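Here's a quick briefing to read alongside the model. Confidence comes up front, followed by helices, a histidine in a loop and a few unusual backbone angles.

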Amino acid sequence: MIYSRPFFIFLVVYLLMLFFAVAPVYQTDVINELRSNINAYGIWFHFLSIISFLIGAHAASFSYKYSSIQERFFVFRKRRFSILIYSYCFIGFFVVLWQISISISPRDYFNELISYIVLQQEKSELRAYFLRDRESGGLPGIIKMFSYLPLSALYMVLTYEFINKRMYCQKGDMLSTKAKKYLFIIFMAILARSMVTLDRVVLLSFFMLLLYYFIFSSNNNLKRLIFNSLKRPVFHFLAITIFISIYVITTIRQGKGVGKFFAEYSSLGLANLSILFEKPFDYTWGTESVFHVIYFPLEYFGLSHILPAFREADWILNPARYLTAYVYQDFGIFCSIFFILFGFLATLIYLKARYKSNPYVIVALFPLIIVIASSVVVPAFRGVDWWVSLFGGLVGIKLCFKRSGIRSGTLDSHN
């Protein structure tokens with residue numbers, strides 16, 4: 001089905017979460033305690049989220065007016081594009097080093113980081129240096145949020161490649177030689193950022209979006225594409241590097257393997273959703289999900305007190321939840337309406353990106369995929385960093401693409 005790709009991602013991550021949350025795997029005292037708090041209401045609303053998303057996706061697919069790819073012609077500012085890609089990567093990593101250097105010398109920090117990695121020490125406090133807020137002597141959040149700009153660079157490169165390959169029928173590899181160079185720089189910036197900050201999200205986003213790009217750009221040769229990709233050494237190098245990095249980061253931060261960590265987090269999310277059906281709490285009317293980002297500017301300007309105080313439920317272990325729990329806390333039983341709208345919007349953006357080849361819609365598609373994939377943990381759009389990466393990509397595309405009436409077989413490149 002044409003709307004299946006966004007829904008397929010949502011379905012897979014939600015079913016995987018349910019499996020790790022209730023299946024008799026990775027049994028520990030903590031996980032068993034969390035599972036004992038999962039009730040039938042929580043599981044039922046978990047499935048209701050999937051069904052509601054599907055209804056919205058089907059409605060968007062059914063109502064969408066399909067047409068052939070529109071002929072849009074652009075002047076592409078090649079030099080400006082390169083400058084922005086390199087600048088985004090440099091700024092992202094520079095902000096990380098700046099934040100850390102406020103608390104500890106970079107040399108001491110890296111020595112300590114290497115010792116943790118080599119000795120496989122657990123539960124390091126190194127990440128606290130990066131998370132230190134302004135009140136504790138760290139950088140203001142308005143500066144720290146730019147550490148996500150390498151993701152903006154990734155959105156821009158994949159958008160340009162999709163337009164050049166799909167709309168103008170460029171032949172050859174799925175990625176041009178220039179794009180491979182850009183992606184290598186972006187990958188190194190993201191890998192360095194992830195290892196220094198012990199942050200898995202951006203690294204996983206890179207791998208997931210690159211994989212999604214190949215699927216999104218393919219037509220009927222997906223099996224051949226996957227087969228050819230598996231034969232390439234660069235694919236194995238990329239996958240092994242990322243998964244080893246994820247394993248090391250998870251071991252250092254949580255002191256446990258990736259599978260056990262995901263089982264614990266999945267059980268925690270579903271348990272805290274179940275608690276909402278048993279414990280008293282106040283509905284938060286969007287401030288825990290779709291409007292949560294408003295807390296950032298309000299706190300920055302000292303206006304957070306204007307928001308009402310909501311009574312929290314009696315969470316188990318810690319308040320961490322996932323998308324369904326956040327939305328249920330906001331809207332109660334009407335959370336199904338949110339997921340219908342979410343499915344409708346996700347599918348509409350996907351269809352417009354695929355059939356209209358609008359660069360701005362394509363840029364928006366990639367952070368949307370991150371949101372869908374992260375819906376089983378704390379959703380990405382709750383953080384201001386995700387919004388910065390989205391707007392950084394949109395601004396970059398705006399600066400590098402200009403509508404032109406010139407008919408050409410490729411993007412017209414201007415210096």
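**Confidence first**

Within the protein, confidence bottoms out in strand 3 (residues 412–414) at a mean of 58, and peaks in helix 15 (residues 323–331) at 96. Keep in mind that this is a predicted model. Across the protein the mean pLDDT is 85, with 86% of its residues at 70 or more.

- Residues 406–410 have pLDDT below 50. Beyond near neighbours in sequence, that stretch still has 11 contacts in the model.

**Helix 3**

- Helix 3 covers residues 40–63, and its 24 residues should span 34 Å at 1.5 Å a residue. The end C-alpha atoms of helix 3 sit 35 Å apart, which agrees with that expectation.
- Asn 39 acts as the cap at the N-terminal end of helix 3, with a side-chain oxygen 3.1 Å from the backbone nitrogen of Tyr 41.
- The buried residues of helix 3 include the aromatics Phe 45 and Phe 53. Also among them are Gly 42, His 46, Leu 48, Ile 50, Gly 56 and Ala 57, along with the serines Ser 49, Ser 52 and Ser 61.

**Helix 16 and what comes after**

- Helix 16 (residues 335–356) has 22 residues and runs 31 Å from its first C-alpha to its last, close to the 32 Å expected at 1.5 Å a residue.
- Right after helix 16 comes Ser 357, with a positive phi near 55 degrees.

**Other positive phi values**

- Most residues other than glycine have a negative phi, so positive values are worth a look.
- Tyr 26 isn't a glycine, yet its phi is positive, at about 50 degrees. You'll find Tyr 26 in the loop between helix 1 (4–22) and helix 2 (29–35). Its relative accessibility is 39%, so Tyr 26 counts as partly exposed.
- Leu 198 is another non-glycine residue with a positive phi, this one near 55 degrees. Leu 198 is in the loop between helix 9 (177–197) and helix 10 (201–217). With 0% relative accessibility, Leu 198 counts as buried.

**His 292 in its loop**

- Where does His 292 lie? Look in the loop between helix 13 (258–275) and helix 14 (295–300).
- Is His 292 buried or exposed? At 19% relative accessibility, His 292 counts as buried, because the cut-off is under 20%.
- A polar atom of the His 292 side chain lies 3.1 Å from the backbone oxygen of Thr 287.
- Leaving aside residues up to four places away in sequence, His 292 touches Gly 286, Thr 287 and Arg 382.

How values were computed:
Residues numbered from 1 in each chain as written. Predicted model: local features only at pLDDT ≥ 70, side-chain atom pairs only at ≥ 80, totals over all residues. Heavy atoms only, no water. Helix = DSSP H or I, 4+ residues; strand = E, 2+ residues; numbered from the N terminus. Expected span 1.5 Å × (residues − 1). Buried < 20%, exposed > 50% of the residue type's maximum accessible area, 1.4 Å probe, protein only. Polar contact = N/O pair within 3.5 Å; in protein donor to acceptor, adjacent residues only side chain to side chain. Contact = heavy atoms within 4.5 Å. pLDDT = per-residue confidence, 0-100.
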